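Student: Hi! Could you walk me through this one?
Tutor: Happy to. Take a look first, and then ask away.

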Amino acid sequence: MFRKTKKMERNKYDDQILKAVLESDAKALRTLVEKKRFSSLIAADNDGRVPIYEACRLGFTECAEIILEAESEAHIPDEEGRNPLHMASLNGHVECVKLLCSKSNIAVDTPDLRGQTAAMHAAIAGHTDVLTFLLMRGADPEVTDHDGNTCLLLAIRANQRETAICLLNHSINVNAQNRQQKSALMFACELGLHELVTMLLQRGSQVDLRDTGGRSAYSYAKLNNHARCLELLPEDADQGSADSSRPASTTDLQSSTKYPPPSRATNPQLNALREQVEELTEKLKQEQEAHASVIAEKDHLQAELSAYFPAAGAGSAADGGSSAATPSCFAMCANSTDNDLLGSIDEDGTDAEQSTQALKAQLGAMAKAKNEADAEVERLQQRVRELESSQKSGGFSAPFGDDDGGGSIPLVVFNQIKESQERRIRELEAQVQGKGDAVPTNGTIKAGDVQLTALVELYRSALVQAVQLAEYIKANQSQVVFTENASAAINAVLRSLAHSVNDTFLVLSCAYAMVSNTLTWLASQKRASVLVVEVEFPLASEDDVVTLVEQALIKHRASHPNATVRLALFSHIVSIPPLRFPIAKLAAASKAHGVQQVMVDGAHALGQIELDMGKLAASGVDYYAGNGHKWLYSPKGTAFLWVREGLEADVTPTVVSSEWAAHDYARDFLYTGTRDYTAFTSIKAAFDFRSAIGGDVAIRTYMRQVAQEAGHYLSKLWGTRLAGPLNLTDAMVAVELPEAIWPLASTLMTDIAQDYNIQIVAFQMPTSLPKTSDRPWWMRLSAQVYVELDDMKRVGEIILNLAQQRKAIDP
């Protein structure tokens with residue numbers, strides 16, 4: 001956690017002091033400090049924790065004061081450059097902030113590694129009391145971070161109305177622009193914060209400013225359909241550029257200019273089809289012109305015939321014949337089709353008959369050609385629409401909504417799997433045909449008689465791609481093995497560990513059901529007990545989870561002094577609700593409180609966030625399991641298990657094969673008996689696909705931008721809550737549904753799936769406590785690369801419309 005400038009020897013009293021701080025035991029802490037048997041109050045323990053930092057992070061003001069009385073040095077930054085003042089400000093501990101400003105050596109505007117000061121952290125987190133105090137102590141609100149953001153820009157971008165108003169009342173520059181040239185007014189218009197728009201305009205915000213993308217405050221309001229903001233802006237406001245269906249993110253920490261959305265490169269096949277359609281359409285146009293010419297010729301002939309029939313009728317009348325034949329003929333001509341007309345011409349007119357027969361044949365041929373051309377155009381246009389739809393989704397085939405990757409893979413990855421399977425079949429057929437003597441009469445193939453080279457090729461390909469996967473997650477290849485899914489990997493670890501009746505497994509109440517079920521099974525075998533830490537949502541900050549775990553471990557140790565917490569298992573990104581947990585902090589806190597080992601369920605992490613096994617190992621993580629089919633775009637059956645160096649021999653796959661060899665970790669997991677390796681051979685295709693559409697950073701940034709902006713929009717539309725801070729949201733977001741439709745939630749989801757082909761997950765928060773009927777219902781949405789912000793907004797409108805139709809909400 002902390003950067004250590006020099007090695008400091010610690011003794012047992014140092015550990016006792018840290019323990020007293022973590023337990024908020026001021027009395028014990030004072031006694032230890034007064035005895036002065038500690039080696040240093042600023043030395044970090046093995047997990048990088050320093051007493052003053054922990055006291056301020058947790059808001060234990062009395063403990064912090066005791067430490068500062070003995071040691072005023074408090075500027076001890078962590079790996080992100082954040083000191084105790086930053087942490088106290090971020091977590092809203094105003095008394096700790098006051099204490100640090102009066103008794104420590106930390107300057108009030110000291111920046112962290114991102115250039116953000118304590119005042120900025122308070123503004124982002126919405127702690128008005130802390131921000132007010134820091135401004136009174138001389139904090140400069142005009143200081144900018146490394147992205148050029150001032151306190152005001154950060155507060156509005158984080159949708160923190162109270163801290164933004166606090167800053168506006170402090171006489172600051174309202175026209176400051178960050179590195180992307182976005183102003184406070186642009187951020188407010190983008191988010192629809194009409195109250196702040198009013199205040200900014202009253203304080204002189206310029207409406208003619210533009211960002212690096214050419215967008216103005218007006219265009220941001222228009223792009224996001226914020227009518228109230230548009231009404232507040234003056235009529236002559238610069239309309240800027242509206243050429244964007246994806247406005248720059250207000251919550252993304254990275255610049256959308258630097259990291260554009262994933263590329264949807266032009267499909268050569270699509271271009272070829274478009275050219276065919278254009279060529280055929282032009283040909284059809286020419287044929288239609290020719291057809292019109294024929295019609296004109298027919299009209300001319302009809303005029304001549306009109307002149308001919310009256311003459312014939314007059315002659316007949318003179319000869320005593322009936323004159324009624326002439327009008328009946330004209331009536332027939334007026335009421336008949338072209339072909340009827342042509343067939344009705346008087347056969348006595350030889351020249352006319354020849355002309356009409358030729359004309360009839362020409363019209364028939366043209367009609368047939370026209371129909372064929374129309375059919376071909378429609379067929380090609382349909383194919384174009386299919387390819388355009390495929391291209392829009394980045395080459396995927398999946399319904400929009402809560403697609404967390406569990407079933408949709410790029411077509412190029414699917415083709416790679418198909419190719420591997422077909423190659424294996426061809427190899428086997430060729431070998432059977434080439435070694436007829438080795439094929440028994442019953443038609444089976446003996447492995448000893450026929451060398452299955454295709455299987456060997458797949459096996460070797462899997463080994464090669466395991467190396468590529470290890471590089472991707474920044475791990476040693478010897479520590480990474482393939483499994484069918486994260487569940488198999490977690491089961492392998494849990495069943496391999498030596499357990500005793502005094503062992504305890506710690507898990508959070510929001511753990512995936514497979515984890516809870518496996519631990520319940522272990523407990524039923526009297527091999528261990530389970531300690532469930534109840535996590536209530538919404539979360540205020542990521543540190544809430546860390547505090548809950550620390551408190552649970554302290555309480556458990558007090559009530560079970562002889563018990564050993566064998567392993568703590570945490571989700572990196574929780575499935576329900578989808579929030580990213582601070583794994584490094586959780587691992588470090590667990591180890592500090594005596595937990596022997598830590599495992600991470602990273603089923604949703606691979607491809608959604610950056611993974612660095614080296615850093616996780618340094619924080620205390622011992623095992624990590626992840627899926628490829630969720631967000632990496634590889635198929636189902638491509639998962640991995642990472643084990644900390646030195647622990648490989650302790651883990652055995654759940655299936656022990658005939659080739660099992662003790663302590664050969666990689667071999668044991670790769671060969672577990674009869675197995676299809678084709679899925680593993682697609683890993684490279686998945687990586688290639690990611691590179692082709694823009695690369696990992698662009699993919700992750702885009703998905704996070706859409707998910708965060710969608711979460712903000714839907715929570716405002718429905719007047720409900722998010723499951724946690726948006727800085728814990730990556731590519732999935734959970735929003736509380738309107739209370740009036742909770743009883744209809746599951747039915748609404750079914751209707752949306754059937755009527756709109758949109759998959760939505762409606763859920764109630766997981767809990768280990770007794771469940772009540774009034775628990776809120778939430779919705780989870782996934783922002784895959786083929787999803788746009790407008791798609792998410794459409795979901796919000798659909799749900800409101802369906803609810804109104806059922807009279808659950810007043811129209």
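Student: Which side chains meet in a salt bridge at 2.8 Å, N to O?
Tutor: Those are Asp-622 and Arg-644. A salt bridge here is a side-chain nitrogen of Lys or Arg within 4 Å of a carboxyl oxygen of Asp or Glu. Keep in mind that this is a predicted model, where local features need pLDDT of at least 70 and side-chain atom pairs count only at pLDDT 80 or more, while totals for chains, interfaces and linings use all residues. Residues are numbered from 1 along each chain as its sequence is written, and side-chain values use heavy atoms, leaving out hydrogens and water.

Student: Where do Asp-622 and Arg-644 sit in the chain?
Tutor: The pair links distant parts of the chain, 22 residues apart. Asp-622 is in the loop between helix 25 (613-619) and strand 7 (623-627), and Arg-644 is in the loop between strand 8 (639-643) and helix 26 (665-670). Helices (H or I, at least four residues) and strands (E, at least two) are DSSP runs, numbered from the N terminus.

Student: Is Asp-622 buried or exposed?
Tutor: Asp-622 is buried, with a relative accessible area of 4%, whereas Arg-644 is partly exposed at 23%. Buried means under 20% relative accessible area, exposed over 50%, and partly exposed in between (1.4 Å probe, protein chains only).

Student: How many salt bridges does the count come to?
Tutor: The count comes to 20 salt bridges. One of them joins Glu-162 and Arg-161, with the closest N and O atoms 2.3 Å apart. Glu-162 is partly exposed at 44% relative accessibility, and Arg-161 is partly exposed as well, at 35%. Another salt bridge pairs the side chains of Asp-211 and Arg-215 (3.5 Å, N to O); Asp-211 and Arg-215 are both buried.

Student: Switching topic: which residues in helix 4 meet helix 6?
Tutor: Thr-61, Ala-64, Glu-65, Leu-68 and Glu-69 do, and their partners in helix 6 are Glu-95, Cys-96, Leu-99, Leu-100 and Lys-103. Contact means heavy atoms within 4.5 Å. By class, this contact has 5 nonpolar, 1 polar and 4 charged residues. Ala, Val, Leu, Ile, Met, Phe, Trp, Tyr, Cys and Pro count as nonpolar, Asp, Glu, Lys and Arg as charged, and the others, Gly among them, as polar.

Student: And how do the axes of helix 4 and helix 6 cross?
Tutor: The axes of helix 4 (residues 61-70) and helix 6 (residues 94-103) cross at roughly 10° and come within 9 Å. That makes helix 4 roughly parallel to helix 6. Axes are lines fitted to C-alpha atoms, for helices over the stretch in contact, with angles from 0 to 180 degrees between N-to-C directions. Angles under 35 degrees count as roughly parallel, over 145 as roughly antiparallel, 65 to 115 as roughly perpendicular and the rest as oblique.

Student: What about helix 28, why is it largely enclosed?
Tutor: Helix 28 is largely enclosed by the rest of the structure because 20 of its 23 residues are buried. Helix 28 covers residues 696-718, and Gly-719, with a positive phi near 70°, follows.

Student: Last one: what does Ile-752 touch?
Tutor: Leaving aside residues up to four places away in sequence, Ile-752 touches Asn-757, Ile-758, Ile-760, Ile-798, Ile-799 and Leu-802. Ile-752 lies in helix 29 (residues 745-756) and is buried, with a relative accessible area of 1%. The C-alpha atoms of Ile-752 and Ile-798 are separated by 7.9 Å, though the two are 46 residues apart along the chain.

How values were computed. Expected span 1.5 Å × (residues − 1).
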